[in-house]
Amino acid sequence: MVMASEDEVSLLVIVVDVNPIWWGQQANREPQFTLSKCLDAVMVMGNSHLVMTRNNKLAIIASHCQESHFLYPFKLWKSGDGHGDDNPSTSGDGKYELLSVANDIMAEEIKILMSRTEVKGNQTDTLLAGSLAKALCYIHRVTKELEAGQEIKSRILVIKAADDCALQYMNFMNVIFAAQKQSILIDACVLDSDSGLLQQACDITGGLYLMIPQKIALAQYLLWVFLPDSDQRSQLVLPPPVHVDYRAACFCHRNLIEIGYVCSVCLSIFCNFSPICTTCETAFKIPLPQMVKAKKKKLKPST
Amino acid sequence: MAALSEEVLLVVKRVRQRKQDGTLYLMAERIAWGPEGKDRFTVSHLYADIRQKISPDGKAKIQLQLVLHTGESTNFHFSNESTALRDRDAAKDLLQQLLPKFKKRANKELEEKNRMLQEDPVLFQLYKDLVVSQVISAEEFWANRLSLNNVDHSASNNKQEVGISAAFLADIRPQTDGCNGLRYNLTSDIIESIFRTYPAVKQKYAENVPHNLTEKEFWTRFFQSHYFHRDRISTGLQDIFSECAKQDEKGLRSMVVQGVKNPLVDLLSLEDKTLDEGYGSNSMAPSTSSANKTVKENSNSAIIKRFNHHSAMVLAAGAGKKACLTMKCAGPNWGCASETSSTDGNSRDSDFFQPPVKKVKIQEAIEYEDLHMENGKKTVALNLKKSDRYSHGPVPLLPQQYTTSQDIINSVNCIQQEIANYKPCLTQVMSSSTASSAIAALSPGGLLMQAGSQQAINQMVPSDVQGELKHLYTAAGELLRHFWSCFPVNTPFLEEKVVKMKSNLERFQMTKLRPFQEKIQRQYLSTNLTGHLEDMFQMAYNKFHAWQTRQMLRKT
């Protein structure tokens with residue numbers, strides 16, 4: 001294992017999809033794997049990351065359908081300050097204090113988050129793009145607050161439950177390219193159905209995409225595949241990258257196409273040529289090839 | 001037989017060939033001989049075919065022999081008593097001028113082909129695969145390529161001129177020869193530099209060598225003369241180079257008179273003004289007449305003059321022919337084609353040149369391009385009618401799961417209840433059996449690791465096989481290109497070509513592709529490396545058959 005140098009900080013941001021609607025339905029589908037179990041697995045993952053090296057940092061964001069909320073670190077902390085009025089509810093099992101404090105905070109925050117959930121019919125999609133953006137901003141802030149001489153390596157782990165929201169496409173792509181520019185890996189652990197957007201994110205940023213067959217073994221998958229950082233991954237045998245379908249869908253029928261027409265003004269994709277682009281109303285002309293006339297002449301004498 | 005439009009350059013009467021009297025004609029592109037009294041030529045050779053001419057001196061018979069490339073030779077005997085030698089020499093000189101022109105033309109193409117083959121190893125390999133093994137003929141191979149490259153060549157014909165090092169004279173370091181002598185090593189580069197910089201020397205060389213002096217003597221005198229040496233005090237010795245010295249003086253003076261074109265450069269302020277005794281309080285008018293200067297000052301100024309002259313001449317020679325053509329150099333201003341000097345004083349244009357140049361120079365000095373105001377180009381605003389397309393992007397429509405409002409309410413309540421009672425229980429996250437099954441799935445060969453077991457194809461196939469495959473692809477690509485370029489078949493030439501190319505393709509498949517396939521089969525490589533090639537050939541055959549049947553139908 002490659003030993004990280006003393007001054008290299010490794011920051012892991014876990015974005016957990018806590019869509020209450022999906023998890024509520026999941027509680028009926030599979031009672032043995034509920035949101036509580038998922039959160040337990042995430043806590044195990046977080047603790048393991050903090051324990052790997054003293055320089056490791058952690059952040060956990062809960063991605064809800066109404067907001068994105070930081071479960072850890074606690075917002076009202078100032079860097080380095082102790083929390084004076086924290087009741088010493090450390091578990092008596094002699095756990096490393098940092099971990100016990102972290103777990104407590106996470107549990108507390110998720111309770112607060114869920115208790116203020118309002119029922120709204122039109123907001124059923126997880127705000128994943130927003131959570132990723134928050135994660136990037138957090139990473140950026142931590143990078144800026146580093147001491148002189150310290151280097152940082154960050155990655156984002158997304159644990160996804162609900163389906164993709166197509167309306168977040170643009171934001172998602174922007175987040176992905178911003179992460180790529182900042183050399184931030186995006187890993188994805190998908191619980192239910194494949195997500196094209198996350199596949200693209202992992203492919204572009206160099207992270208790992210995994211759809212797990214057994215939800216109850218989530219903790220094991222997280223520890224095995226997503227705990228090592230990018231340097232160590234090159235020396236481990238991990239699941240191979242997934243083949244990503246980069247085909248675009250045409251704007252007129254939303255079918256996936258391999259060859260199409262692109263408007264040079266607004267870059268919208270169409271499967272058939274039309275003289276006017278329906279998005280930006282630019283007129284186009286394609287000159288017909290002159291060959292057509294010659295062929296017609298040739299056929300005439302023989303018939 | 002003589003083409004009427006041919007230009008006859010020389011006619012020599014009374015030339016015998018094979019003991020027959022006749023007349024020798026030298027035309028623009030060939031040499032011909034016709035017997036006396038007849039109109040037709042019996043002997044006619046193109047200059048391009050002639051390899052060499054031999055004109056032996058000192059024999060009783062005055063002859064001219066032509067040897068062709070094919071090996072045969074023809075003998076012409078000049079039998080006119082009085083003018084035979086002169087005729088022969090005239091013919092010989094003319095041939096000497098004409099033959100090199102044609103020789104170059106014939107070889108040029110061959111050289112071109114050789115050069116192309118040497119420069120591009122891929123082309124060379126292709127040539128070997130296709131032409132040497134007789135799959136297609138050499139003409140077809142070169143048909144497309146030569147035309148392409150001729151265009152390139154004309155562009156590269158404007159070669160850059162080699163400049164002259166300013167230190168070329170200093171580089172001729174004389175070595176002591178042992179006993180009081182000096183050896184000067186002259187290379188052809190140095191000689192060329194001297195000629196280009198000092199055209200006067202070149203003229204002297206042309207005049208004297210090889211009539212009066214040999215080359216060695218010329219250069220010996222050059223180095224001995226004071227012209228070459230530092231202290232060029234004109235001694236008045238009868239030296240062939242003393243004229244050069246005088247010409248140089250004149251040239252230098254005219255350059256000084258012409259001055260510098262750049263109006264922002266003021267050379268006069270660079271004059272040597274020494275504060276003489278008294279620190280300037282004694283205002284002694286600086287005397288410029290050479291009579292008052294001391295001997296030391298004289299020699300100093302001589303050296304400085306020579307330096308300046310040398311530099312000016314080097315620059316002038318380096319400025320090249322272009323500048324020379326546009327200049328009207330009058331009189332002894334040999335090397336005046338430098339940028340700094342304008343045309344000679346007789347031209348009226350020099351006055352008109354002054355103001356615009358000055359303006360341009362001043363503008364350059366006070367303006368910076370990138371500090372200018374941005375004149376953006378006129379742009380057209382993007383006018384989107386359906387902007388919601390940008391929010392979802394080119395993403396296919398996925399089946400949306402519809403949740404009823406009752407579902408939503410139920411789910412939220414359920415979750416809220418669950419989380420309100422949430423207590424992390426990290427010791428019971430999963431059972432060992434689930435953990436071990438997960439590990440099994442992640443181990444090599446497990447459920448999730450299937451795709452990784454396939455090795456990349458380029459790791460399984462040895463590199464020499466890969467190389468051969470690449471060559472096959474290049475060769476097949478070339479043949480297929482020839483084949484497909486025949487369609488649509490309009491002319492009888494294309495018809496023939498199509499048939500020929502089809503047979504070429506079949507031959508290639510037989511001679512090259514099959515052995516390769518057998519070879520990789522013997523090596524137990526299970527990958528299908530040649531499937532794509534086979535597909536391409538099959539498609540070509542299909543097209544050919546379709547075309548053939550259509551031809552038959554048309555005929556019947």
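Two strands are taken to pair if DSSP finds at least two bridges between them. By this criterion, β5(A) and β6(A) form a parallel pair with 3 bridges in the model described here, which is a predicted one. Within this pairing, V190(A) has M211(A) of β6(A) as its bridge partner.

The pair belongs to an open sheet of chain A, built from 6 strands in the order β3-β2-β1-β4-β5-β6, in which the pairing is mixed. The edges of this sheet are occupied by β3 (68–72) and β6 of chain A; each has a single partner strand, so one side of each is left without a neighbour in the sheet. On average, and with direction ignored, neighbouring strands of the sheet are turned by 20 degrees against each other. In a regular strand the side chains alternate between the two faces of the sheet.

Helix α6(A), which spans residues 196–205, has 7 of its 10 residues buried and is therefore largely enclosed by the rest of the structure. The buried positions are L197(A), L198(A), Q199(A), Q200(A), A201(A), C202(A) and T205(A). These residues of α6(A) pack against three strands and two helices in chain A, namely β4 (151–160), β5 (185–190), β6 (209–211), α4 (128–144) and α5 (169–181). The sheet strands β5(A) and β6(A), paired in the parallel sense, are thus among the elements packed against the buried residues of α6(A). Immediately after the helix, G206(A) adopts a positive phi of about 95 degrees.

A cis peptide bond is also present in chain A, leading from Y72(A) to P73(A) with omega near -5 degrees. P73(A) is located in the loop between β3 and α3 of chain A. Of the two elements that bound this loop, β3(A) is an edge strand of the sheet described above, whereas α3(A) takes part in a contact with chain B.

In that contact between chains, helix α3 of chain A (residues 97–115) packs with helix α12 of chain B (residues 405–420) at an angle of about 155 degrees, the axes being 9 Å apart. Because angles over 145 degrees count as roughly antiparallel, this value makes α3(A) roughly antiparallel to α12(B). The crossing of α3(A) with α12(B) is left-handed. From α3(A), the contact involves I110(A), K111(A), M114(A) and S115(A), and from α12(B) it involves I415(B), Q416(B), I419(B) and A420(B). Classified by residue type, the contact between the two helices comprises 5 nonpolar, 2 polar and 1 charged residues. An α-helix has 3.6 residues a turn, so residues three or four places apart point the same way.

Chain B contains 17 helices and 9 strands. Of its 556 residues, 31% are buried. When contacts in chain B between residues at least 6 apart in sequence are considered, 52% are found to join residues at least 24 apart.

Among the strands of chain B, β7(B) (residues 73–78) is bridged to both β1(B) and β6(B). Strand β1 (residues 8–17) of chain B runs antiparallel to β7(B) and is joined to it by 2 bridges; here V15(B) is opposite F78(B) of β7(B). The pairing of β6(B) (residues 63–68) with β7(B) is likewise antiparallel and extends over 5 bridges, with H77(B) of β7(B) as the bridge partner of Q63(B). The hairpin of β6(B) and β7(B) has 4 residues between its strands, and G71(B) there takes a positive phi near 110 degrees.

Most residues other than glycine have a negative phi, and most peptide bonds are trans. Several local features of chain B may be set against this background. R14(B) is not a glycine, yet its phi is positive, at about 60 degrees. This residue lies in strand β1 of chain B, and R14(B) counts as partly exposed because its relative accessibility is 38%. K19(B), also a residue other than glycine, has a positive phi near 65 degrees. The position of K19(B) is in the loop between β1 and β2 (20–27) of chain B. With a relative accessible area of 68%, K19(B) is exposed. A cis peptide bond, with omega of about -5 degrees, joins F487(B) and P488(B). P488(B) is placed in the loop between α15 (463–485) and α16 (492–522) of chain B.

Definitions and conventions:
Residues numbered from 1 in each chain as written. Chains lettered and ligands numbered in written order. Predicted model: local features only at pLDDT ≥ 70, side-chain atom pairs only at ≥ 80, totals over all residues. Heavy atoms only, no water. Axes fitted to C-alpha atoms, helices over the stretch in contact; angles between N-to-C directions. Parallel < 35°, antiparallel > 145°, perpendicular 65-115°, else oblique. Left-handed = near helix turned anticlockwise from the far one by under 90°. Contact = heavy atoms within 4.5 Å. Nonpolar A, V, L, I, M, F, W, Y, C, P; charged D, E, K, R; others polar. Buried < 20%, exposed > 50% of the residue type's maximum accessible area, 1.4 Å probe, protein only.
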